[in-house]
Amino acid sequence: RGSVSCEPARAGHFVAEVGAVTDDECAVGRYQPFTGATSCNTAGVGYYVPATGRAAATAASIGYYVATQGASAQTQCPLGRTTLTLASTSIDDCVLE
């Protein structure tokens, strides 16, 4: 008899059901740092995931913020304002430069 070997899902991917032939990429706004996962994590506020198949979320840069979970992009502070830290979560974090 032949044997079948199983491969764990790659980081940035997941396998939702037993017997799947391939793993699926995590969607934009979601990530998975571990192999062998059955689901993906939603990016928290202050973080975003701009593309599919990512193993990590990206912190909002200085001068930007991310106010919602599952974001695919960061939002730039209004002209003349910036944030003081990475991973800012609100327009209220934007202060005068």
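Strand follows strand in this protein: from the N terminus on, the elements run β-β-β-β-β-β-β-β-β-β. That comes to 10 strands and 0 helices. The radius of gyration is 18 Å, well over the 13 Å that the globule rule gives for 97 residues, so the protein is more spread out than a compact globule. Keep in mind as you turn the model around that it is a predicted one.

The outline of the chain can be put in numbers too. Along its principal axes, the C-alpha trace spans about 70 × 15 × 15 Å. Of the 97 residues, 27% count as buried. The accessible surface of the protein comes to about 6200 Å², and carbon and sulfur atoms account for 52% of that surface. Contacts add another view: take those between residues at least 6 apart in sequence, and 32% of them join residues at least 24 apart. As for charge, the protein carries 5 positive and 8 negative side chains, and the centres of these two sets lie 5 Å apart.

Now let us zoom in on two residues, beginning with Thr 82. You will find Thr 82 in strand E9, which covers residues 81-82. Is Thr 82 buried or exposed? Its relative accessible area is 16%, and the cut-off for buried is under 20%, so Thr 82 counts as buried. What surrounds Thr 82 in the fold? Leaving aside residues up to four places away in sequence, Thr 82 touches Ile 62, Gly 63, Cys 77, Asp 93, Cys 94, Val 95 and Glu 97. One of these neighbours, Gly 63, also takes part in a polar contact: the side chain of Thr 82 reaches the backbone nitrogen of Gly 63 at 3.5 Å.

Moving on along the chain, we come to Ile 91, in the loop between E9 and strand E10, the latter made of residues 95-96. How much of Ile 91 is open to its surroundings? The relative accessible area of Ile 91 is 42%. Buried ends at 20% and exposed starts over 50%, so Ile 91 is partly exposed. Which residues does Ile 91 touch, not counting those up to four places away in sequence? They are Tyr 65 and Pro 78.

Ile 91 also offers a handy way to gauge distance within the model. Pick out Thr 38, which is 53 residues from Ile 91 along the chain, and compare the C-alpha positions: the two atoms are separated by 34 Å. You can set that separation beside the span of the C-alpha trace, about 70 × 15 × 15 Å along the principal axes.

Note on methods. Residues numbered from 1 in each chain as written. Predicted model: local features only at pLDDT ≥ 70, side-chain atom pairs only at ≥ 80, totals over all residues. Heavy atoms only, no water. Helix = DSSP H or I, 4+ residues; strand = E, 2+ residues; numbered from the N terminus. Rg over C-alpha atoms; globule rule 2.2 N^0.38 Å. Buried < 20%, exposed > 50% of the residue type's maximum accessible area, 1.4 Å probe, protein only. Contact = heavy atoms within 4.5 Å. Areas by Shrake-Rupley, 256 points an atom, 1.4 Å probe, with all protein chains shown as cover. Lys, Arg positive; Asp, Glu negative; His and termini not counted. Charge placed at Lys NZ, Arg CZ, Asp CG, Glu CD. Polar contact = N/O pair within 3.5 Å; in protein donor to acceptor, adjacent residues only side chain to side chain.
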